[in-house]
Amino acid sequence: MVRDFHKRIYGFECDIYGHLNNSNYLQILEAARSEALIDVEMPIDKLLKLGWRVYLMRFELDYLKPLLLDEIVTIKSKIIESNRARAKWCQEMYNPAGELCCRAFAFVVHIRNDKPARVPDEIWEHFQRLE
């Protein structure tokens, strides 16, 4: 299921042209993924207490249209491919006009005891709600 996250673009996040600075896309996308995990009742702090980590392996970003100062953007996040050991997230950022401005793919691996591992049923059930 797609999870929506809304974020206003502030001046300190922009470049001299009034566009969201490229480095800030990653932080906003990370916040959106974290909120999605909270929505399915498996936030990062709970994963940590259970001894699990979700590590980012690779990230792909396509900048399609600038996001501008003071816009409230919508980030739509979902898992599009997964198994118990890894997942591929698709995240899309939209401006207030509903135009697609950025598409990102995050490739993550599930870690236990500093090694890739298959998550147990009690975690897997939560992750599946993001598909």
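When I say that two residues are in contact, I mean that they have heavy atoms within 4.5 Å of each other. With that in mind, let me start at Ser82, which sits in strand E3 and which, once its neighbours within four places in sequence are left aside, is in contact with Ala87, Trp124 and Glu131. Please remember throughout that what we are looking at is a predicted model. Ser82 counts as partly exposed, because its relative accessibility is 28%, and partly exposed covers whatever falls between under 20% for buried and over 50% for exposed. The C-alpha atoms of Ser82 and Phe12, which are 70 residues apart along the chain, are separated by 35 Å.

Let me now step back to the whole chain. How many helices and strands are there in the protein chain? There are three helices and six strands, and if you read along the sequence they follow the pattern β-α-α-β-β-β-β-β-α. The radius of gyration is 15 Å, close to the 14 Å that the globule rule gives for 131 residues, so the chain is as compact as a globular protein of that length. Its C-alpha atoms fill a box of roughly 45 × 25 × 20 Å along the principal axes, and buried residues make up 41% of the 131 residues. If we take contacts between residues at least 6 apart in sequence, 68% of them join residues at least 24 apart.

Next, the interior. In soluble globular proteins, nonpolar side chains tend to be buried together. Here the largest nonpolar core has 16 residues, and the members that touch the most others are Met42, Leu47, Trp89, Val119, Ile123, Phe127 and Leu130. Helix H1 (22-39), strand E4 (86-94), strand E5 (100-112) and helix H3 (121-128) each supply at least two residues of this core, and H3 gives the most, with three residues. If you would like one residue to follow on the screen, take Leu47, which touches Met42, Trp52, Val54, Ile123 and Phe127, not counting residues up to four places away in sequence. There is also a second, separate core of 15 residues, which includes Cys14, Tyr25, Ile28 and Leu67.

Since H3 has come up already, let us look at how this helix is placed. Which residues of H3 are buried? They are Ile123, Trp124, His126 and Phe127, and because they cover an arc of only 160 degrees around the axis, they lie on the same side of H3. The face turned away from that buried side carries the exposed residues Glu122 and Glu125, whereas the buried residues of H3 are covered by elements that include H1, helix H2 (44-49), E2, E3 and E5.

Helix H1, for its part, has 18 residues and reaches 27 Å from its first C-alpha to its last, which is close to the 26 Å expected at 1.5 Å a residue. Its buried residues are Asn24, Tyr25, Ile28, Leu29, Ala32, Arg33, Ser34, Ala36 and Leu37. Just before we leave this helix, please look at Glu13, in the loop between strand E1 (3-8) and H1. Is Glu13 buried or exposed? Its relative accessibility is 7%, so Glu13 counts as buried, and among the residues it touches are Lys7, Arg8, Asn24 and Ile28.

Another buried polar residue is Thr74, in strand E3, with a relative accessible area of 17%. A polar contact of 3.0 Å joins the side chains of Thr74 and His6, and Thr74 also touches Asp4, Phe5, Glu92, Met93 and Tyr94, where residues up to four places away in sequence are not counted.

Finally, a word on the backbone. Most residues other than glycine have a negative phi. Where in this model do we find a positive value instead, as in Asp70? Asp70, with phi near 75 degrees, is in the loop between strand E2 (52-63) and strand E3 (72-82). Asp114, with phi near 65 degrees, is in the loop between E5 and strand E6 (115-116), and Asp114 counts as exposed because its relative accessibility is 70%. Glu41, just after H1, takes a positive phi of about 60 degrees.

Note on methods:
Residues numbered from 1 in each chain as written. Predicted model: local features only at pLDDT ≥ 70, side-chain atom pairs only at ≥ 80, totals over all residues. Heavy atoms only, no water. Core = buried A, V, L, I, M, F, W, Y, C linked by side-chain atoms within 4.5 Å. Buried < 20%, exposed > 50% of the residue type's maximum accessible area, 1.4 Å probe, protein only. Helix = DSSP H or I, 4+ residues; strand = E, 2+ residues; numbered from the N terminus. Polar contact = N/O pair within 3.5 Å; in protein donor to acceptor, adjacent residues only side chain to side chain. Expected span 1.5 Å × (residues − 1). Arc of directions from axis to C-beta. Rg over C-alpha atoms; globule rule 2.2 N^0.38 Å.
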